[in-house]
Amino acid sequence: MRIADTADLWYKNAVVYCLDVATFLDSDGDGVGDFAGLTQRVDYLAEVGVTCLWLMPFYPSPRLDDGYDVQDMYGVDQRYGDHGDVVEFVRVAHDRGIRVIIDLVINHTSERHPWFRRSRSSRDSPYRDFYVWRSDTPPDTSDQTMFPDVEDGIWSYDEKTGEHYLHHFFSHQPDLNTANPQVREAIERTMGFWLQMGVDGFRVDAVPFALNENTIGLREHRDFDEPHDYLRSLRGFLQRRSSGNGAGIMLGEVNLPHAEQVDFFGGEAGDQLTMQFDFLTNQKTFLAMARQDARPIAEALRARPGGLPETCQYANFLRNHDELTLDLLSDSEREEIFAEFGPEEEMQLFGRGLKRRLPPMVDGDPRRLKMAYSLLFALPGTPVMFYGEEIGMGERLDLEGRAAVRTPMQWSAEKNGGFSAARPSRLPRPLVEGPYGPEHVNAAAARRDEDSLLQHVTRLCQRYRESPELGWGEVEVIEQPHHQVLVHRMTWRGSAMVLLHNLAPEPALVGFELDDLEEGAELVDLLQPGTCTLDAAGHTEIGLDAYGYRWLRVRREGDARLV
């Protein structure tokens, strides 16, 4: 089968870029980013090599949780534009070969959503069962809340009706009763609406919570055998409604160990989530970087379950819009990362993660940054970046919680970093200051600097897109003597790549064997000039600089692959 025959599985070799419309580019000078501004920057994103945009919530919302407290699932926040602006943006993105996915929040709504207002109006409201209520006094659930510094449990008392409602997140975000078929149908209608508007799929928020036993077990309405049937129904609806022969995707946020993630793919059937973020490999990567020891990454890659359908895919990331959560690690491992990358209390969040971007975590060391992003693109799966990562943006620690990494995009050294012509007081958040502020870090300067992180990421995007082995292939960790070095091979339909990454500040001469290759096979470097040849035993030695990395394609005699 040719690559062209797999076009409906476009996500297997995509480059995903997450952004918040509110903080990307303000086109009309009101201080808030908008769809018109985003549309102006589509060519920039295409130039970088982005092939899929993931938009954080842009729906009407009180924005007490950056829009994840949705007030109207069908609407567009008027500050960002209207439905016509969304359609125009999607058209321009598609014209540049960029697909668009949007956040789908299936676990909760804002307390201002019409459904919840009606639900709490009376115990007899027809919308009462859209949410999860209980009349008895709930037990202590302080250990179950996602925000222990804000909420003391996952149940809140409603004065008007005298019952408690469920909320795994903030109390202003009541959980939907996903066991209710009317709720599931309403979510499907939401998906159908946005698919009709041209989007290519959804990033599905907080998936395990929507299937939680607190939701499923307390309700009388159950017309499915087990919670995962809900995901199957959403996936089935998506495939029926997607244009392009079922090419729509569901990228799920499932922060669980690999073995439990298999259930959310749908096991061998692969009939639930299309993609999932690999939180374990992400957290093990930061542990490896803290230790300057690649073995935690190797362990995570070996732990990935096999036997998944070809349609399933893991999504890799370094940082995202949330805190760098470390909850899948042991207490001692978490403390190692805190000590290396976030020793001050203001850098930490909820005791389980860091509210930092990567560049300040590594003191702006360009060698370490370039190695880290090379590793991101070299891991098996689909790379996902958060806006500003490609230019090396930093965080603003004086902002509360996750807002520290959600500052306006830095386009230039001009006023407000080129984000907006408005007064600084009208911006959604203040810009980063100091060595990572826009006068030092911005896209305009990075485009003119051939040695910038932006140029490096652009090259990685191009090489990744030219290397189907990375998105499609089977991974094998190659044994070699240096603990600080990761060597892995990606193989797909007769093609192979060998990728090396040195996590330490000392150079290394790395010897390893590929004894299944014939004598004379070459390893051709894809990122810099260079070729090495294997000996009769399939052995070679390759030098790595401090924080060095190499992408090597296996070339056999007569191989016509472009290298």
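Two strands count as paired if DSSP finds at least two bridges between them. That idea helps with the small sheet in this predicted model, where Gln 348 stands opposite Leu 354 in S13. Gln 348 belongs to the pairing of S12 with strand S13 (residues 353-354), two antiparallel strands joined by two bridges. The sheet they sit in is an open one with three strands, ordered S11-S13-S12 and paired antiparallel. Strand S11 (324-325) and strand S12 (348-349) take the edges with a single partner strand each, so one side of each has no neighbour in the sheet.

Another sheet closes up on itself. Eight strands make a closed barrel, running S1-S2-S3-S7-S8-S9-S10-S14 with parallel pairing. On average, and ignoring direction, neighbouring strands here are turned by 25 degrees against each other. Helix H3 (residues 83-95) packs on this sheet and touches strand S2 (52-55) and strand S3 (99-105). The direction of H3 makes about 135 degrees with that of S3. For a look at one pair within the barrel, take strand S7 (residues 201-205) and strand S8 (residues 249-252), which pair in the parallel sense over four bridges. Val 204 is found opposite Gly 252 in S8.

Now for a pair of helices. Packed helices are described by the angle between their axes and by the distance between those axes. For helix H11 (residues 279-291) and helix H12 (residues 295-303), the axes come within 7 Å and cross at roughly 160 degrees. Angles over 145 degrees count as roughly antiparallel, which is why H11 is described as roughly antiparallel to H12. On the H11 side, the contact is made by Thr 281, Lys 284, Thr 285, Leu 287, Ala 288 and Arg 291. H12 brings in Pro 296, Ile 297, Glu 299, Ala 300 and Leu 301. Sorted by character, the residues of this contact come out as six nonpolar, two polar and three charged.

Charged side chains also pair up elsewhere, with 41 salt bridges in the structure. One of them joins Asp 66 to Arg 406, with the closest N and O atoms 2.6 Å apart. This pair links distant parts of the chain, as the two residues are 340 residues apart. Asp 66 lies in the loop between S2 and H3, while Arg 406 lies in the loop between strand S14 (382-386) and helix H16 (443-448).

Zooming out, the domain assignment of the protein gives domain 1 (4-107 + 178-464), domain 2 (114-166) and domain 3 (473-555). Between the C-alpha centres of domain 2 and domain 3 there are 55 Å.

Conventions. Residues numbered from 1 in each chain as written. Predicted model: local features only at pLDDT ≥ 70, side-chain atom pairs only at ≥ 80, totals over all residues. Heavy atoms only, no water. Domains from an automatic or database assignment. Axes fitted to C-alpha atoms, helices over the stretch in contact; angles between N-to-C directions. Parallel < 35°, antiparallel > 145°, perpendicular 65-115°, else oblique. Contact = heavy atoms within 4.5 Å. Nonpolar A, V, L, I, M, F, W, Y, C, P; charged D, E, K, R; others polar. Salt bridge = Lys/Arg side-chain N within 4 Å of Asp/Glu carboxyl O.
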